[in-house]
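Subject: Structure for your review

Dear colleague,

Please find below the structure that I am handing over to you. My findings follow directly after it.

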Amino acid sequence: MHTPRRPAPGRRRRVLATLLLALGAGLAGWSHPGWLPAPAPAPHPAGPVPPAARALPPAAPTPHGAVLPDPGAPLPSAAEVAAAVGPALDGASAGRRSVLVADALTGAPLHEQDPDTALVPASNQKLVTLLSLLTHADPGERLRTAVVAGEEPDTVVLVAGGDTLLRPGRSDPDAVQGRAGVRTLAQDTARALVARGAGAPRTVRWDAGLFPGPALNEAWAAGDVAAGQIGPVAPMAFWSHHVPAGDVASPARPGDAAADVAAVFAAELRAALAAEGVAAPPFRLAPGPAPRGAAELAAVESATLAEQAELMIQDSDNHLAEVLSRIAARAAGHPGSITGGREAAAEALAARGIDPAGLVLSDASGMSLDNRIPARALERVVRAMAVDGTGALAPGARALPVAGGSGTLADRFDDEAETAARGLARAKTGTLNTVVSLSGHVSTREGRLLTFSVVLNEVADPAAARDAADRAVAALARL
């Protein structure tokens, strides 16, 4: 029987992707941070000028992909890494642990503690989801929410395309959440109907068939669903599965996200038709599939998948992770379902030389306590993104939060023993009541890029365990 737990609530920040791109730099090229957000870390003792990997460049390089780490930078010895990491993790109060630190360039392990023991990863599971999305889908793709003509002449159909970051109001082309607005879609639909000489429709249907199968994963705890930490996954929703409060998100979760979008669209369409001089009675609302080959009346498009993935990782957004898993599944040729997402994730791991055998990919967000992943697999995922020279996985390396600077790491690495890693490490966090995880990459004082994964289970004090993981990464930054 599992111990009841509640994951730490994810922050709901608007992702400033442009700022992160302009400031991120270092050994993984444009994807590795070299900026030091306030408050600045304690200075290192006076010495030689720091290597370029630790200095802020005048401008971010053009993002053609990650730059391989400098092979000339000194590699710390295994003994040095063990002396740095071991004592830091001693205070983690974890009954089980899986730890691996490796050289990013060669993959050579520098420190290990049961690295092949598959443990509950918490939100580090999202790293696998990120890898799956970037392996199977085009990071520049935008998800399309469309309106098409129905089979009956007085019917229009709202077709979900996977965008769950919709806003009720007008589209905001500069936003990630809310780039596509339902009011804009309704206004464009009204103009298209008028141009076609069509009267006001009597029925508005919505087609939410993009994601077949159960909307709820049976492995999710009922208490977590009730608390809104996770819930039914739909192929269209407002504000990443939140109920709107005007044109912003409320804390509440929808019972039927797609139906809620359809209701707002219908109301906006009535108003838009009235503005065009067309009187419309209240519409009949009903679910139903769009006819094959139906004429498109209007459409709005989401932020790119890369931007959505960054939001998912930065905020550790559980619902968005589940959505992007289904998008990856469809891109891989599988149904956009829970099972399809698992299959796509396993294929993505295998494509990067990570054997999925022995791993349990229960969900895409890390909310399931049935997930099992060892530190070695998570380190390999991070390393694949951090040193990929093709550019295919570079958005994943850029998406990771910066220590002390952004996302779920913005308020971490704040103690004196942790500040050495501020601005120099990127990592994905993970926290459940008895689980703490941290996987990412960090540069040493001499400019060598190291990749790491720390997965702690049976944790008695999560706050102490998080501090222990942060101290271990900071110790690597001081090498």
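The notes below cover a sheet, a buried aspartate and several salt bridges. Please bear in mind throughout that this is a predicted model.

**The sheet**

Five strands form an open sheet in the order E2-E1-E12-E11-E10, and their pairing is antiparallel. Strand E2 (109-113) and strand E10 (425-432) occupy the edges; each has a single partner strand, so one side of each is left without a neighbour in the sheet. From one strand to the next, the twist averages 5°.

Within this sheet, E1 and E2 run antiparallel and are joined by 4 bridges. Val 99 has Gln 113 in E2 as its bridge partner. The hairpin of these two strands has 5 residues between them, and Gly 107 takes a positive phi near 80° there.

Strand E11 (residues 435-443) pairs with strand E12 (residues 449-459) in the antiparallel sense, over 9 bridges. Here Ser 437 stands opposite Val 455 in E12.

A helix also packs on this part of the model: H2 (residues 78-89) lies across strand E1 (94-103), E2 and E12. The angle at which H2 runs to E2 is about 35°.

**Asp 163**

A residue that may interest you is Asp 163, in the loop between strand E4 (155-159) and helix H4 (182-195). Which side chain of opposite charge is nearest to Asp 163? That side chain belongs to Arg 179, at 7.9 Å, and Asp 163 has no salt bridge although it is buried.

The side chain of Asp 163 does have a polar atom 2.9 Å from the backbone nitrogen of Leu 165. Leaving aside residues up to four places away in sequence, Asp 163 touches Leu 143, Thr 145, Ala 180, Pro 235, Met 236, Ala 237 and Ser 302.

**Salt bridges**

How many salt bridges does a search of the whole structure find? The search finds 13, and some of them are described here.

The side chains of Arg 144 and Glu 296 meet in a salt bridge, with an N to O distance of 2.6 Å. Because Arg 144 lies in strand E3 (residues 142-149) and Glu 296 in strand E9 (residues 296-304), the pair ties together parts that are 152 residues apart in sequence. Arg 144 counts as partly exposed, at 38% relative accessibility, and Glu 296 is partly exposed too, with a relative accessible area of 40%.

Another salt bridge links the side chains of Arg 398 and Glu 310, at 3.8 Å, N to O. Arg 398 belongs to helix H11 (residues 394-399) and Glu 310 to helix H7 (residues 305-315), so this pair ties together parts that are 88 residues apart in sequence. Arg 398 is buried, with a relative accessible area of 13%, and Glu 310 is buried, with a relative accessible area of 1%.

The side chains of Arg 383 and Glu 379 also form a salt bridge, at 2.7 Å, N to O. Both residues lie in helix H10 (residues 375-386), where they are 4 residues apart, about one turn of the helix. Arg 383 and Glu 379 are both buried.

Finally, a network of salt bridges links Glu 112, Asp 116 and Arg 376.

With kind regards

Terms used
Residues numbered from 1 in each chain as written. Predicted model: local features only at pLDDT ≥ 70, side-chain atom pairs only at ≥ 80, totals over all residues. Heavy atoms only, no water. Pairing = 2+ DSSP bridges. Axes fitted to C-alpha atoms, helices over the stretch in contact; angles between N-to-C directions. Contact = heavy atoms within 4.5 Å. Buried < 20%, exposed > 50% of the residue type's maximum accessible area, 1.4 Å probe, protein only. Lys, Arg positive; Asp, Glu negative; His and termini not counted. Salt bridge = Lys/Arg side-chain N within 4 Å of Asp/Glu carboxyl O. Polar contact = N/O pair within 3.5 Å; in protein donor to acceptor, adjacent residues only side chain to side chain.
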